[in-house]
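Me: Please take a close look at one residue in this structure and at the parts of the chain around it. I should then like the account to continue, step by step, into the sheets, helices and aromatic rings.

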Amino acid sequence: MARSLFLIFLLVITGGLIYFLDQGLIRDKMPIPAFGKILNPHTGFWKNGETQTLDLPEELQFKGLSKPAQVIFDDRMVPHIFAENIKDAAFVQGYVHAYHRLWQMEFQTHAAAGRLTEILGEIVLKQDQETRRIGIPYAANNALEEWKKDQTVYSFIESYSNGVNAYIDQLSPADYPIEYKLLNYKPEAWTPLKSALLQKLMARMLAMRESDLENTNTKNTLGATTFDQLFPEWFEEQDPIIPKGTVYPPSVMPAPTDTTNLNIGGVYDHDLIKKYDPHLGSNNWAVSGSMTASGHPILCNDPHLMLTAPSTWYECQIHIPESNTYGVSLPGSPGIIIGFNEHIAWGVTNVGWDLTDWYKITWEDNSRKAYLYDGKYVPSRTVIEEYQVKGQGILRDTVYYTHWGPVAYLEKDHPYQDMAIQWVGHLPSNEATTFYHLNKAKNYTEYADAIKGYATPPQNFAFASKENDIALWVQGQFPMKNSEQGRFVQDGSKSASAWKGFIPQSHNPHIKNPERGFVSSANQHSAAPDYPYYFSGRFGDYRGRILNQKLGKMDSITIQDMMDLQTDNENLRARQMLPLLLQYLDKSNLTENDLAYLKTFAGWDYRFEKDMVAPSLFDAWFDAFYDITWDEIEALDFKGGKTWPKWWRTIHLLRDEPNSVYFDVQKTTEKETANDVVTSSFKKACKKLSEWSKKENKEPLWGPYKATDILHLSRVIKPFAFTNIDVGGDRTALNAISKHNGPSWRMIVELGEEIEAYGIYPGGQSGNPGSPNYGDFIDKWAKGEYYKLWFMKNAKDDKQKPKATMTFNPS
């Protein structure tokens, strides 16, 4: 039976790849998969098939260990690692990471190094060039050198690498993960640099969000007055992470020495470098024991990331004499990133500050050997990047470095448009030290000391302890800037454009044991305008407000209450916008079909549940209304990017300015009003849903209409993905599930005398598509259910029956 299933699976894969080749999606660009190797009955896909019965060696011997260690796999294949010291634990964690996720680890670090052309060929050459031009490998090497300065932590990372390599070294080609066979390459040795690359890949995803070119183009086209009207940096309804009225230390930022306008004029037509989805975000909060039914604090965290198979996270427990830690780790990096131990719990969300600035470079001549800086020409540094392109050989690219950073926007025939990037992530930093110490922290003081040196990507570190302390630090390395500095492209020829130093760590926004009884963050503004330092960026406008509203009304909180809150689908954007839309809707101009759809809003409670039509209709209506309203922005014709008004600005426009000129559609001779735009957009939404229903032959319920996908990390091997998942949620609801993003890990920890913790993520422990543990958590995750986490006190804990046990001995 199992063989039959594997054959069916193989046929699906083969059909999928043939589809890609037939459609021309990878033909002539991506090397043809090695089908002979894949179909080989001794070394091909058959070797990757797994059943529920594990075939793991009970004992292994390795030179990299100092003392025996043990791994107990529970029924979900979560490894519980028991070791006598932190280095041996790191070795074993590296081994089990590679055992379950080797291809994922290496593919991600190839992406971070700008080396995907070695695997996928010329089709990803531009992506690799962008990665190197913005300095991701440069940043990783800087981090690695910083890691080496702390030999205690660096030896911990080296031991992890040795564990990964111990697994790789015992593999034969027949044992390689299926993706290696499909793409016809083999794993290479793991190094600490690869762990640094993984860290910088996450930093790029979360801390390289900026709109400098888009803002510059839009402001210089519309004019400063219109730009300021449409794109304010703050709105009064915002409920910041650190409450308004918090007392901060006075600013230590030096007074500006040059008050001239350092932003540049003009419009720039660069092909924008790839940016990750700006709507990636997360929720975390901690409630004091004074608010809970048990009297113990509860901490909750659900980071929202791109949903991928294999999953971003890998669940793990690490038990050593000085600590016992459980949570999720990043395959490719040692330790626990989000989790708890016997004393504390912590969780993270992303900080939306703009930490990336662009500078226009004035070259001495077209050779780009020197650039203007404070009236003198200073030499640039040249790096020749080599790309080993699969099937073609070596291609070369020249990257120029300035004191700002690498020149990432490079116009071959127009050097006067060249721009250099300055990014906090380029600076030497040691994030590994943070988690090394945080995993062992026992109280607030040790937590605060552990995160003190954490730089990038900045995170909101929520905290709770058995001592009934709760706290939250907005932690990162934050440049001191003048007002609006870095919001637009700046003049790179003047030192006055430089950052003014860094905000002292003790001045970062933070709070401990607030009177309201909880701390929380959902990617909103870190602080109100009363914070003494300027910051800009991309911030959430809805989840933070609804989270604080709901927490502020709760008492006698239970774990089930927290589960219900994490999976809550109420949409504040819909609650604010729908009554306005209905107010301006001209019902006399609607067809019978339109009126039938209108009835779906009757009694709707603004929840984006999977089995409702109302969320689908609102989503389509809001999108159509937004597009018609902002046709003036759409008409801006330059490829270098433009800035679009935020959703809250759109709602306020209809609420406060119904006679605004923006409701007049530019391409018509008539003068449209808010009523016209609301009505025409509603009809457009009804038409869209009707066409969808006809095509899909089903009712446009929100779950199937949204059709959440968990795509394979390669993005090209469709049979390894999970598509059209029937699930509710919306990116502005606390349960922020969209088409491709969502809660990548849900965790709830009650810090009583006995720790009680629950968690789940949308995937499975194994990265092997032929394993029953590849996606076995997804159905439960989609239903909003959780697993109770088996937090073992010692290796003899018998509260559950282990699925397998492995002993690691020093040879």
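Reply:
**A residue and its setting**

Glu 237 has a relative accessibility of 27% and therefore counts as partly exposed, since that class lies between the limits of under 20% for buried and over 50% for exposed. The model in which this value was computed is a predicted one. Glu 237 belongs to the loop that connects α11 (224-230) with β4. Apart from residues up to four places away in sequence, Glu 237 touches Arg 545, Gln 576, His 652 and Arg 655. A further relation across the chain concerns Trp 648: its C-alpha atom is separated from that of Glu 237 by 9.5 Å, although these positions lie 411 residues apart along the chain.

One of these contacts, Arg 545, leads to helix α14, where Arg 545 is among the buried residues. Helix α14 spans residues 543-552 and is mostly covered, with seven of its 10 residues buried. Besides Arg 545, the buried set comprises Arg 543, Gly 544, Ile 546, Leu 547, Asn 548 and Leu 551. These buried residues pack against three strands, β4 (281-287), β5 (298-306) and β22 (518-521), and against two helices, α15 (559-566) and α16 (572-584). Strand β4 thus appears twice in this account: the loop of Glu 237 is bounded by it, and the buried residues of α14 pack against it.

Arg 573 leads on to the aromatic rings. Arg 573 lies over the face of Phe 622, at 4.7 Å from the ring centre. Phe 622 is itself part of a cluster linked by ring pairs, whose members also include Phe 601, Trp 604, Tyr 606, Phe 608, Phe 618 and Trp 621. The cluster extends further to Trp 647, Phe 682, Trp 692, Trp 702 and Tyr 705. A second charge over a ring is found elsewhere: Lys 512 lies over the face of Tyr 444, at 4.2 Å from the ring centre.

The count of aromatic pairs comes to 56. Among them is the pair of Tyr 180 and Tyr 185, which is tilted, with 4.7 Å from centre to centre and 50 degrees between the planes. Tyr 180 counts as buried because its relative accessibility is 1%, and Tyr 185, at 15%, is buried as well. Trp 604 and Phe 618 form another pair: their ring centres are 6.2 Å apart and their planes stand at 45 degrees, so this pair is tilted too. It links distant parts of the chain, Trp 604 being in the loop between α17 (592-598) and α18 (614-629) and Phe 618 in helix α18, 14 residues apart. Both Trp 604 and Phe 618 are buried.

Phe 618 also has a place in the largest nonpolar core, which has 242 residues. Phe 618 is among those with the most contacts inside this core, together with Phe 340, Tyr 447, Phe 601, Leu 654 and Phe 808. Helix α3 (residues 86-113) gives the most to the core, contributing 15 residues. For Tyr 447, the contacts beyond four places in sequence are Leu 438, Ala 441, Phe 461, Phe 463, Ala 471, Leu 472 and Trp 473.

The sheets supply the remaining part of the picture. Four strands form an open sheet in the order β16-β17-β11-β20, with mixed pairing. Its edges are β16 (407-409) and β20 (490-491), each of which pairs on one side only. Within the sheet, β11 (residues 356-360) and β17 (residues 419-423) are antiparallel and share five bridges, and Trp 358 has Ile 421 as its bridge partner in β17. Helix α10 (residues 212-222) lies across β11, β16 and β17, at about 55 degrees to β11.

Strand β16 also brings in helix α5, through Arg 133 of that helix. Arg 133 counts as buried because its relative accessibility is 18%. Leaving aside neighbours within four places in sequence, Arg 133 is in contact with Asp 397, Val 399, Pro 406, Val 407, Ala 408 and Leu 410. Helix α5 (residues 125-133) is mostly covered, seven of its nine residues being buried, and Gly 135, which follows the helix, has a positive phi near 85 degrees. Another positive phi, near 50 degrees, is taken by Asp 374 in the hairpin of β12 and β13, with two residues between the strands. These strands run antiparallel and are joined by four bridges, with Tyr 371 opposite Val 378 in β13.

How values were computed:
Residues are numbered from 1 along each chain as its sequence is written. This is a predicted model: local features need pLDDT of at least 70, side-chain atom pairs count only at pLDDT 80 or more; totals for chains, interfaces and linings use all residues. Side-chain values use heavy atoms; hydrogens and water are left out. Two strands pair if DSSP finds at least two bridges between them. Contact means heavy atoms within 4.5 Å. Axes are lines fitted to C-alpha atoms, for helices over the stretch in contact, and angles run from 0 to 180 degrees between N-to-C directions. Buried means under 20% relative accessible area, exposed over 50%, partly exposed in between (1.4 Å probe, protein chains only). A nonpolar core is a set of buried Ala, Val, Leu, Ile, Met, Phe, Trp, Tyr and Cys residues joined through side-chain atoms within 4.5 Å. Rings of Phe, Tyr and Trp (its six-membered ring) pair if their centres lie within 6.5 Å; planes under 30 degrees apart count as stacked, over 60 as edge-to-face and the rest as tilted. A charge sits over a ring if NZ of Lys or CZ of Arg is within 6 Å of the ring centre and within 35 degrees of the ring normal.
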